[in-house]
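I opened this notebook to keep track of two topics, salt bridges and enclosed space. The entries follow the order in which I looked things up.

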Amino acid sequence: MKFTAQQIAGILNGDVVGNPDIEVSKLAKIEEGFEGALTFLANPKYTPHIYTTKASVTIVNKTFEPDNSVKTTLIKVDDAYLAFSKILEYYNSVKLNKTGIEQPSFISDSSNYGDNIYIGAFSYVGENVVMGDNVKIFPSAYIGDNVVIDDNTIIFSGAKIYSETIIGKNCVINSGAIIGADGFGFAPNEDGSYSKIPQTGNVIIEDYVDIGAATTIDRATIGSTIIRSGVKLDNHIQVAHNVEIGNNTVIAAQTGVAGSTKIGKNCQIGGQVGIAGHITIGDNVKIQAQSGIGRHVKDNEILQGSPAIKLSDYNKSYVHFKNLPTIVKNINELEKNKWE
């Protein structure tokens with residue numbers, strides 16, 4: 001796909017300085033630019049590269065005025081970083097704009113789908129599945145019985161969507177994600193063995209949710225595991241049965257959330273965080289990486305450590321922890337001198 005500088009400026013509502021007809025078909029970093037590439041300059045420390053870049057077109061802020069001559073065609077916009085992000089989004093949407101049903105694939109006769117559907121080869125779509133307009137199911141995906149997938153949602157290759165799952169509009173489920181597998185429910189028997197507790201609920205994913213590669217979200221024992229609108233989950237996250245994650249909360253990789261925990265809206269949770277079950281985490285909470293959460297958390301708290309404490313308390317304690325050998329040595333010296 002090729003675009004002229006003028007076409008890109010039209011998408012971004014920008015102004016062209018240079019050749020409006022020059023074409024680009026690739027994206028590149030400014031320091032790695034090459035002929036036919038589009039790049040951007042937003043961070044001032046990269047300014048020297050604009051005089052040497054070989055990229056054909058560079059997006060810059062309207063305030064940028066070169067000190068020397070530049071060979072690259074400029075597109076001046078209000079915010080170069082946001083503009084380039086918009087181009088990335090546009091480029092990705094064009095690249096993924098596939099339609100049609102590839103063969104071999106299986107689609108149950110009882111399933112229904114809207115306009116501009118894409119179902120890749122070797123995919124399976126079960127009974128009574130309902131898919132909206134512009135839904136894209138990439139090759140080797142599994143869609144179980146009675147699943148609902150709303151408009152403009154993308155299911156990437158190898159994702160598994162178990163039965164009864166409901167997925168909203170404009171969601172992205174990345175490769176290897178498993179949505180709706182049984183929760184970890186077992187009852188101990190007198191002889192020390194365990195009996196499985198049937199997991200009869202489902203998973204509900206609302207609109208504009210992104211699920212990372214190899215992330216797993218378990219179905220509820222009874223009721224629903226719920227991922228609210230705007231949630232962003234990184235790769236390799238475990239969300240257990242009956243968990244609820246509030247609007248626009250973001251969670252980094254390798255975090256685990258145990259069963260029946262409720263996480264509020266607009267939270268930011270770092271990587272490798274462990275969250276115990278049956279607790280409530282408030283709104284606007286920030287949890288630093290590798291923290292362990294075993295208690296209820298109020299709104300607006302910032303936590304670190306395992307078990308996690310307030311970040312300010314953790315930092316004060318850590319100053320002493322780093323000096324612990326010296327502190328112990330001094331105490332021992334004081335004890336020794338006391339008895340001499």
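Entry 1, terms. I count a salt bridge where a side-chain nitrogen of Lys or Arg lies within 4 Å of a carboxyl oxygen of Asp or Glu. I note that the model is predicted.

Entry 2, Arg228 and Glu206. I looked up this pair and found a salt bridge, with the closest N and O atoms 2.6 Å apart. Arg228 sits in the loop between β27 and β28 (232–233), and Glu206 in the loop between β24 (202–205) and β25 (210–211). The two are 22 residues apart, and the pair links distant parts of the chain. I then checked accessibility. Arg228 has 23% relative accessibility and so counts as partly exposed. Glu206, at 21%, also counts as partly exposed, because the partly exposed class lies between 20% and 50%.

Entry 3, the total. How many salt bridges does the structure hold? I found 9. As background, side chains of opposite charge can pair when their charged atoms come close.

Entry 4, Arg219 and Asp182. I found a salt bridge between these side chains, at 3.9 Å from N to O. Arg219 lies in the loop between β26 (216–218) and β27 (224–227), and Asp182 in the loop between β21 (178–181) and β22 (186–188), so the pair ties together parts 37 residues apart in sequence. Is each partner buried or partly exposed? Arg219 counts as buried, at 5% relative accessibility, whereas Asp182 counts as partly exposed, at 36%. I also noted a network of salt bridges that links Asp182, Lys196 and Arg219.

Entry 5, Arg295 and Glu301. The side chains of Arg295 and Glu301 meet in a salt bridge, 3.4 Å from N to O. I read 35% relative accessibility for Arg295, which therefore counts as partly exposed. Glu301 has 11% and counts as buried.

Entry 6, enclosed space. I searched for cavities of 30 Å³ or more and the count came to 1. The largest cavity holds about 120 Å³ of space. Which elements give two or more residues to its lining? They are α1 (5–12), β4 (26–27) and α2 (80–95). The largest share, 3 residues, comes from α2.

Entry 7, the lining. I listed the residues that line the largest cavity, among them Met1, Phe3, Ile8, Ile11, Ser25, Lys26, Leu38, Ile87, Tyr90 and Tyr91. By class, the lining divides into 10 nonpolar residues, 1 polar and 1 charged.

Notes:
Residues numbered from 1 in each chain as written. Predicted model: local features only at pLDDT ≥ 70, side-chain atom pairs only at ≥ 80, totals over all residues. Heavy atoms only, no water. 1 Å grid on protein atoms, 1.4 Å probe; cavity = no way out; pocket = protein on both sides within 12 Å on 5 of 7 lines; lining within 4 Å. Points joined across faces, edges and corners; volume = space filled by probe spheres on them. Helix = DSSP H or I, 4+ residues; strand = E, 2+ residues; numbered from the N terminus. Nonpolar A, V, L, I, M, F, W, Y, C, P; charged D, E, K, R; others polar. Buried < 20%, exposed > 50% of the residue type's maximum accessible area, 1.4 Å probe, protein only.
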